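Let's take a walk through this one together. Have the sequence and the 3D view open, and follow along.

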Amino acid sequence: MTLRMRMGNEGSVESRPDLRLIDPPARSAEVLRLERICISFGGLTVLSGVDLVLQQEELLGLIGPNGAGKSTLFNVISSIYRPDGGDVFLKGQKVTGLAPHKLCHMGISRTYQLVKTFNKMTAFENVMVGAVYGHRGTGREAKARAMAALELVEMEAKKDVRASHLTLSDRRLVEVARSLASGPVVALLDEPMAGLNASEIRKMLTIIKRARDERKVAILWVEHKVDAIFRICDRVIVLDYGVLIADGKPEEVAKDPKVIEAYLGESASRD
Ligand SMILES: Nc1ncnc2c1ncn2[C@@H]1O[C@H](COP(=O)(O)OP(=O)(O)OP(=O)(O)O)[C@@H](O)[C@H]1O
Ligand SMILES: [Mg+2]
C-alpha cells in the first residue's frame, strides 16, 4: 500500500494526463545546499542535522506531518531564523544568516503558509514589490517583469483589484507571482494549495509546473496534498520530527514504510 492511496485523492490529478510526471529537464548545477541544519526553540529541538541539495530547475517536494519542521526549514533558508548549527549555500556561496532582503537580491524567494499579501495594495502593486526588491530597479523593466509574472499565474485580468478583495486562491497566486517577479534562482513554496478547492488546486499545479518549465526556477515545495506532490515532483523528501527520513523518486517514497509510519502510525506501515 502506498502513502498516496492511504491519504486519498483530494484534489486528484489522476484525470489530467497533462499534469502527470514528465521527464525532468536536463540539469547539472546544484543551486541550494543545506548542511547539518539544527535549530531549537527553548528546549524543543525542531531541526536536527538536516542536509539537502536542490538542483537547478528541480521540482522538489517536501512533505511531513504537522509540526515536522517544514516551515521552520523555510524560515532558516530565507534567513528569518538563524540556525543554531549548520550552513546554507546558494550556488556554492555561504549565505547563512544574511539579511532576508539580501537573499532576495541573490535569488531566494518564497511564499507563506499563511498567505501574506499587502492587502491595501492591488495585485499588480504586490507583484511589483517582488520585481523591485529582486532586481533593485523601479522602471519600465520592473513593470514588465511584474506583468509577465501576473500573466504566468493567469491574474492579469485582476491586476488592479486590491488584494483584500481577492479570494484566498487568487491571493495565493499573487504571492507566487510576487515570488517569481523577483527573478529567483530558488523559489520556496509553503503550502500554496492550503485552503483551495479541487479546481483551484489543479490550476495551482499547472502554474507551479509552468513556473519551473518556463522560468527555469528550482522549486522547493512544501505541501500536505501529497497526491499533487507525488504526481509532478521530480523528487520528494520527507521530514519527521526535524529529521529527514526519506529522499527519492515519488514512487519510491510513497511506499517507504518509514514514511507511511510517520504519517499514519506504526500499525499502518505493516498493513
Ligand atoms: N518561533 C518559534 N518558537 C517556538 N517554537 C516554534 C517556533 N517556530 C516553530 N516552532 C515549533 O517548531 C515545530 C515545527 O513547526 P513548523 O511550523 O516548522 O512545522 P511544519 O512542519 O511547518 O507544520 P505544518 O505542517 O503544521 O505547517 C512546532 O512544534 C512549532 O511549534
Ligand atoms: Mg508549516
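## A helix across a sheet

Start with helix H2, which lies across strands E1 (30-41), E2 and E4 and runs at about 65 degrees to E2. Keep in mind as you look that this is a predicted model.

What is the sheet underneath like? It's an open one of four strands, in the order E2-E1-E4-E5, with antiparallel pairing. E2 and E5 (93-94) are the edge strands, each pairing on one side only. As a reminder, strands of a sheet pair through backbone hydrogen bonds, either parallel or antiparallel. At the E5 end, two bridges join E4 (residues 85-90) to E5, and these two strands run antiparallel. If you want a spot to click on, take Phe89, whose bridge partner in E5 is Lys94.

Now bring the ligand into view. Which residues surround ligand 1? They are Phe41, Leu44, Val46, Gly64, Asn66, Gly67, Ala68, Gly69, Lys70, Ser71, Thr72 and Gln113. Two elements give two or more residues each to this shell, namely strand E2 (44-55) and helix H2 (70-77). H2 has the largest share, with three residues. So the helix that lies across E1, E2 and E4 is also the one that gives the most to the ligand shell. By residue type, the shell around ligand 1 divides into seven polar, four nonpolar and one charged.

Next, move over to strand E9. This strand (residues 235-240) is joined by four bridges to E3 (residues 59-63), and the two run parallel. Here Leu62 stands opposite Ile237 in E9. E9 also has five bridges to E10 (residues 243-248), but E9 and E10 run antiparallel. Asp240 has Val243 of E10 as its bridge partner. E9 and E10 make a hairpin with two residues between the strands, and in that hairpin Tyr241 takes a positive phi near 45 degrees. While you have these strands on screen, remember that in a regular strand the side chains alternate between the two faces of the sheet.

A couple of helix residues are worth a stop as well. His135 is in helix H4 (residues 123-135). Is His135 buried or exposed? Neither, quite: His135 is partly exposed, because 16 other C-beta atoms lie within 10 Å, and a residue needs 20 or more to count as buried and 12 or fewer to count as exposed. Leaving out residues up to four places away in sequence, His135 touches Ala142, Arg145 and Gly183. Pro184 is 49 residues from His135 in sequence, yet their C-alpha atoms are 9.8 Å apart in space.

Arg210, in helix H7 (residues 198-215), can be read in a similar way. Arg210 has 14 C-beta neighbours inside 10 Å, so it counts as partly exposed. Its C-alpha atom is separated by 8.9 Å from that of Val153, and the two residues are 57 apart along the chain.

Finally, zoom out to the whole protein chain. How many helices and strands does it have? There are 11 helices and 10 strands. Of its 271 residues, 44% count as buried. Among contacts between residues at least 6 apart in sequence, 69% join residues at least 24 apart.

Notes:
Residues are numbered from 1 along each chain as its sequence is written. Chains are lettered from A and ligands numbered from 1 in the order in which they are written. This is a predicted model: local features need pLDDT of at least 70, side-chain atom pairs count only at pLDDT 80 or more; totals for chains, interfaces and linings use all residues. Two residues are in contact if their C-beta atoms, placed from the backbone, lie within 7 Å. A residue is near a molecule or strand if its C-beta atom, placed from the backbone, lies within 6 Å of it. Ala, Val, Leu, Ile, Met, Phe, Trp, Tyr, Cys and Pro count as nonpolar, Asp, Glu, Lys and Arg as charged, and the others, Gly among them, as polar. Two strands pair if DSSP finds at least two bridges between them. Axes are lines fitted to C-alpha atoms, for helices over the stretch in contact, and angles run from 0 to 180 degrees between N-to-C directions.
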